[in-house]
Amino acid sequence: MIELQDVSKAFGSKEILRGINLRVESGESMVIIGGSGTGKSVMLKCVLGLIHPDSGTILLDGEDVEEAERDPFLAKFGMLFQGGALFDSLTVWQNVAFRLLRGSLKRPTEEARAIAIEKLRRVGLTADVADQFPAELSGGMQKRVGLARAIAAEPEVIFFDEPTTGLDPIMAGVINELIREIVVEMGATAMTITHDMTSVRAIADKVAMLHNGKIRWTGPIAQMDDAEDPYLSQFIRGSAEGPIEAVR
Amino acid sequence: MSFLANIGAATLGFIAVIGRISIFAFQTVSHHVRPPFYPREFVHQLMYIGYLSLPVVGLTALFTGGALALQIYSGGARFNAEAVVPSIVAIGMVRELGPVLGGLMVAGRVAASVAAEIGTMKVTEQIDALVTLSTHPMKYLTVPRVLAATLTLPILVAIGDIIGIMGGFLVGITRLEFNAGAYMSNTIDFLETGDVVSGLVKAAVFGFIVALMGCYHGMHSGRGAQGVGRATTNAVVSASILILGSNYILTEVFFSA
Ligand SMILES: Nc1ncnc2c1ncn2[C@@H]1O[C@H](COP(=O)(O)OP(=O)(O)O)[C@@H](O)[C@H]1O
Ligand SMILES: [Mg+2]
């Protein structure tokens, strides 16, 4: 279970998060929606300890993440970054197997490579990309490699930062299904950031909308369409008319 | 008033940077002795920082040695001391010009590329990705580069010294009518172990500075392409100034007694 209590973060004078309260149960798939630049990525990075909040507490299974021992804490997580964040100097399979080639999860090279290729296949990539470098792949393929890397060590908690942005609709569908599968099969807890409403409907158990530094609305996916929040319904409809200013 | 305030703010900012760099240097050193280590990264950096800097350092030394011989010959001629050319070329190269010019050239090559590489990694979230993959960026990125530069710069400079002395020798025997055997024996007779060792110690310090500045500015790069560009410039400038400053201090330490 992940719990954010009153988490705030400002960069200089720009207040990005202004007291976030959110609870994600174990094995649940939470989708975070909200406009670009509202701080969705910052929020996930706070949970991982990549950005330290100015105030507030973040708990993982009741333990304060700031006090947790880093290595075992991070071993529970997998993260797909918004831009893929693949290491340019390593081949695709070495990227995917990064965790399996060093540190506490280290295993023989052949085995790590086999796992990497199997994970690549799960995200719809064939074995012949394994020895290529990330720069040789298209943006969508890089995203999928990032996804394979996030799930390679079978983490308990997975964060997906805009997993389908930049993919064609069919590939986006494949990725949505895959995320759903990972959550169901691995029993993983997932937090996904997306703007893509098709994705939201395919992936989410629960939805939370971030607006103006706070969680504007949160609830089960089934209640999303009937919710009376004008901000949420404007976002779902994708309308320029409504309380959310289109010019930011 | 705002003029004074600006000076005050700049001074405080400068002191803060010195503090941050000192802490960064201290952390880097402390990570050298705490596992995990990444030997493959280290070997890769040895290759990149050491071997591939050889042409730059070698050419710098060759031309400098040659120019030095000409200068000392014409300067020495004013008081009939042309015979000091071989020994002064050797001492000048080994003690001072070899390490300093070698260090500055490597600063241009290595500090810039390290800062650009790590800065790009920072901007494209690769550093964040490293952390989430349970890998400490300082151990994985900084330590291999700093260690490789500290160990290889003395070797590069030693080779540069030899090439520089060769440059002086070639100019001496072709342009200045020195006898080859006499030039050589003059060089060898006058050069002391202390000269060589002090130059190599300087080189090791400069290697540490170059890689440290590259890593520091890369890790603290601002956002976007502009941030990386600024980090690269800052890395080269600060490495060069620190090399010249520490060169003076080391020279005091070695030779003022
Ligand atoms: N490290 C940082 N330093 C300064 N500003 C940042 C940093 N990271 C994010 N921001 C700012 O925080 C805001 C929210 O960013 P982000 O969380 O990436 O938005 P999104 O909701 O689109 O993921 C943006 O205005 C961004 O410029
Ligand atoms: Mg984002």
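Visitor: What makes A:Arg180 and A:Asp205 a salt bridge?

Guide: Their closest N and O atoms are 3.2 Å apart. A salt bridge here is a side-chain nitrogen of Lys or Arg within 4 Å of a carboxyl oxygen of Asp or Glu, so this pair qualifies. A:Arg180 sits in helix H6 of chain A and A:Asp205 in the loop between helix H7 (197-203) and strand E9 (206-211), so parts 25 residues apart in sequence get tied together. Helices and strands are DSSP runs numbered from the N terminus (helices H or I with at least four residues, strands E with at least two).

Before we go on: this is a predicted model, where local features need pLDDT of at least 70 and side-chain atom pairs count only at pLDDT 80 or more, while totals for chains, interfaces and linings use all residues. Residues are numbered from 1 along each chain as its sequence is written, chains are lettered from A and ligands numbered from 1 in the order written, and side-chain values use heavy atoms, leaving out hydrogens and water.

Visitor: Why is A:Arg180 called buried, partly exposed or exposed?

Guide: The cut-offs settle that: buried is under 20% relative accessible area, exposed is over 50%, and partly exposed is in between (1.4 Å probe, protein chains only). A:Arg180 comes in at 24%, so it is partly exposed. Its partner A:Asp205, at 27%, is partly exposed too.

Visitor: How do you know that A:Asp54 and A:Lys9 form a salt bridge?

Guide: Their closest N and O atoms are 3.6 Å apart, which passes the rule given for the first pair. The two residues are 45 apart along the chain, with A:Asp54 in the loop between helix H1 (40-48) and strand E4 (55-60), and A:Lys9 in strand E1. A:Lys9 has a relative accessible area of 13%, so it counts as buried. Side chains of opposite charge can pair when their charged atoms come close.

Visitor: And what makes A:Arg201 and A:Asp225 a pair?

Guide: A gap of 2.9 Å between the closest N and O atoms makes it a salt bridge. A:Arg201 is in helix H7 and A:Asp225 in the loop between helix H8 (221-224) and helix H9 (230-237), so this one ties together parts 24 residues apart. Over all chains, the rule gives 18 salt bridges.

Visitor: Why are H5(A) and H6(A) described as parallel, or is it perpendicular?

Guide: Helix H5 (residues 139-151) and helix H6 (residues 169-186) of chain A have axes that come within 12 Å and cross at roughly 5°. Axes are lines fitted to C-alpha atoms, for helices over the stretch in contact, with angles from 0 to 180 degrees between N-to-C directions. Under 35 degrees is roughly parallel, over 145 roughly antiparallel, 65 to 115 roughly perpendicular and the rest oblique. The two helices are therefore roughly parallel. Among the residues making the contact (heavy atoms within 4.5 Å) are A:Leu147 of H5(A) and A:Leu178 of H6(A).

Visitor: How do you know whether A:Leu178 is buried or exposed?

Guide: Its relative accessible area is 3%, so A:Leu178 is buried. Beyond its neighbours within four places in sequence, A:Leu178 touches A:Arg122, A:Val123 and A:Leu147.

Visitor: What makes A:Asp6 and B:Glu125 worth a look?

Guide: Most residues other than glycine have a negative phi. A:Asp6, in strand E1, has a positive phi of about 55°. B:Glu125 has phi near 65° and lies in the loop between helix H4 (85-123) and helix H5 (126-132) of chain B. At 48% relative accessibility A:Asp6 counts as partly exposed, whereas B:Glu125, at 12%, counts as buried. Chain B also has a cis peptide bond from B:Pro35 to B:Pro36, with omega near 0°.

Visitor: What makes a patch of B:Phe3, B:Leu4 and B:Ile7?

Guide: Patch residues have over 30% relative accessible area and no salt bridge; like charges are joined within 9 Å, nonpolar side chains (Val, Leu, Ile, Met, Phe, Trp, Tyr) within 5 Å. This trio makes a nonpolar surface patch of about 340 Å², with areas from the Shrake-Rupley method (1.4 Å probe; for residues, only the protein chains shown count as cover). B:Phe3 is at 60%, so it counts as exposed. B:Phe3 belongs to helix H1 (residues 2-32) of chain B, a chain with nine helices and zero strands.
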